[in-house]
Amino acid sequence: MRIFLVLIVMMMSSAFVMAQEKYGFKVGGVDVTSDNYLDLTEINGVSGKVYFDPNTRTLTLDNATIEANDCNAILNETCDYLTIELIGTNNINVTGAVGIYLKEETTIWSNSSGKLSVKSNGCALLFGGCPLEISNCWLEAEGLWGIFTNRNVAEEVLTIHNSHVEA
């Protein structure tokens, strides 16, 4: 009996030692980690198919909706070269925060005519101190500011390839 209890305590303590890996960005105010990256629809306000591939640094929005109040729908803090892939029609609706806030180089693209509508009562899409590329997709950014940079520095370059963009 004593050995059994020792084994249980050892197993429980080893489970606490294995920390989850954070990937440097948030969806709906929640860190994307090694525990939740395969199905981000577990996050409150996220529906459709939303998942992350850490090997390619690709966040996929597949006919998804992200609704957030008082937090950014997507916040890329430290995931350099993040790719947001659009499949089908996707919507982001935010009140009290930024729809998509990027602090590291990010590409929003589609391989199949994907669409993204970002609506906020503030800024729809904000990128600061980094470049943003929009490629092969349809993007609508609606708010007090559609697409905005926050530092006005040389690194803040917006590149649009083969896309329809409304801001």
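Start by selecting residues 132-135 and 158-161: these are strands β12 and β15, which pair in the parallel sense over four bridges. Within this pairing, pick Ser135 in your viewer and look across to its opposite number, His161 in β15. As you go, keep in mind that this is a predicted model.

Now stay with β12 and add residues 106-109 to the selection. That is strand β9, and β9 and β12 are also paired in the parallel sense, again over four bridges. Trp109 is the residue to highlight here, since Trp109 stands opposite Ser135 in β12. With Trp109, Ser135 and His161 shown together, you can follow Trp109 to Ser135 and then Ser135 to His161.

**Zooming out**

Before going further, colour the whole chain by secondary structure. You should see one helix and 16 strands. If you colour by accessibility instead, 40% of the 167 residues count as buried. A contact map is worth a glance too: among contacts between residues at least 6 apart in sequence, 59% join residues at least 24 apart.

**The six-stranded sheet**

Next, bring up the open sheet of six strands, whose order is β2-β1-β5-β8-β11-β14, with mixed pairing. Its edges are β2 (30-33) and β14 (145-149), each of which pairs on one side only. Moving from one strand to the next, the twist averages 20°. As general background for what you are looking at, strands of a sheet pair through backbone hydrogen bonds, in either a parallel or an antiparallel sense.

Inside this sheet, select β5 together with strand β8 (residues 100-102). The two pair in the parallel sense over three bridges. Asn76 is a good residue to click on, because its place is in strand β5 (residues 74-76), and across from Asn76 in β8 stands Leu102.

**A stop at Asn76**

Is Asn76 buried or exposed? Asn76 has 0% relative accessibility, so Asn76 counts as buried. Show its side chain along with that of Thr106, and you will find a polar contact of 3.0 Å joining the two. To see the surroundings, display the residues that Asn76 touches, leaving out those up to four places away in sequence: Gly24, Phe25, Leu82, Tyr101, Leu102, Lys103, Glu104, Glu105 and Thr106. Keep Phe25 in view from that list, as the next stop picks it up.

**The aromatic cluster**

How many aromatic pairs are there? The count comes to four. Begin with Tyr23 and Phe52, a tilted pair with 5.2 Å centre to centre and 50° between the planes. Tyr23 lies in strand β1 (residues 22-27) and Phe52 in strand β3, so this pair ties together parts that are 29 residues apart in sequence. Both Tyr23 and Phe52 are buried.

Now swap Tyr23 for Phe25. Phe25 and Phe52 form an edge-to-face pair, at 4.9 Å centre to centre with 70° between the planes. Phe25 is in strand β1 while Phe52 is in strand β3, so the parts tied together here are 27 residues apart in sequence. Phe25 is buried, with a relative accessible area of 0%, and Phe52 is buried too, with a value of 3%. Add Tyr37 to the selection to complete the picture: Tyr23, Phe25, Tyr37 and Phe52 form one aromatic cluster.

**Along the hairpin**

From Phe52, follow strand β3 (residues 46-53) into strand β4 (residues 58-69). These strands pair in the antiparallel sense over seven bridges. Select Tyr51 and look for its bridge partner in β4, which is Thr60. Then move to the turn, where four residues sit between the strands of the hairpin and Arg57 takes a positive phi near 55°.

**Last stop: strand β10**

Finish at residues 115-120, strand β10, where Ser117 is found. Ser117 is buried, with a relative accessible area of 11%. Not counting residues up to four places away in sequence, Ser117 touches Asn90, Asn91, Ile92 and Glu140. Then select Lys115 and Trp138: Lys115 lies over the face of Trp138, at 5.3 Å from the ring centre.

Conventions
Residues are numbered from 1 along each chain as its sequence is written. This is a predicted model: local features need pLDDT of at least 70, side-chain atom pairs count only at pLDDT 80 or more; totals for chains, interfaces and linings use all residues. Side-chain values use heavy atoms; hydrogens and water are left out. Buried means under 20% relative accessible area, exposed over 50%, partly exposed in between (1.4 Å probe, protein chains only). A polar contact is a pair of N or O atoms within 3.5 Å; within protein, one must be able to donate a hydrogen and the other to accept it, and residues adjacent in sequence count only if both atoms are side-chain atoms. Contact means heavy atoms within 4.5 Å. Two strands pair if DSSP finds at least two bridges between them. Axes are lines fitted to C-alpha atoms, for helices over the stretch in contact, and angles run from 0 to 180 degrees between N-to-C directions. Rings of Phe, Tyr and Trp (its six-membered ring) pair if their centres lie within 6.5 Å; planes under 30 degrees apart count as stacked, over 60 as edge-to-face and the rest as tilted. A charge sits over a ring if NZ of Lys or CZ of Arg is within 6 Å of the ring centre and within 35 degrees of the ring normal.
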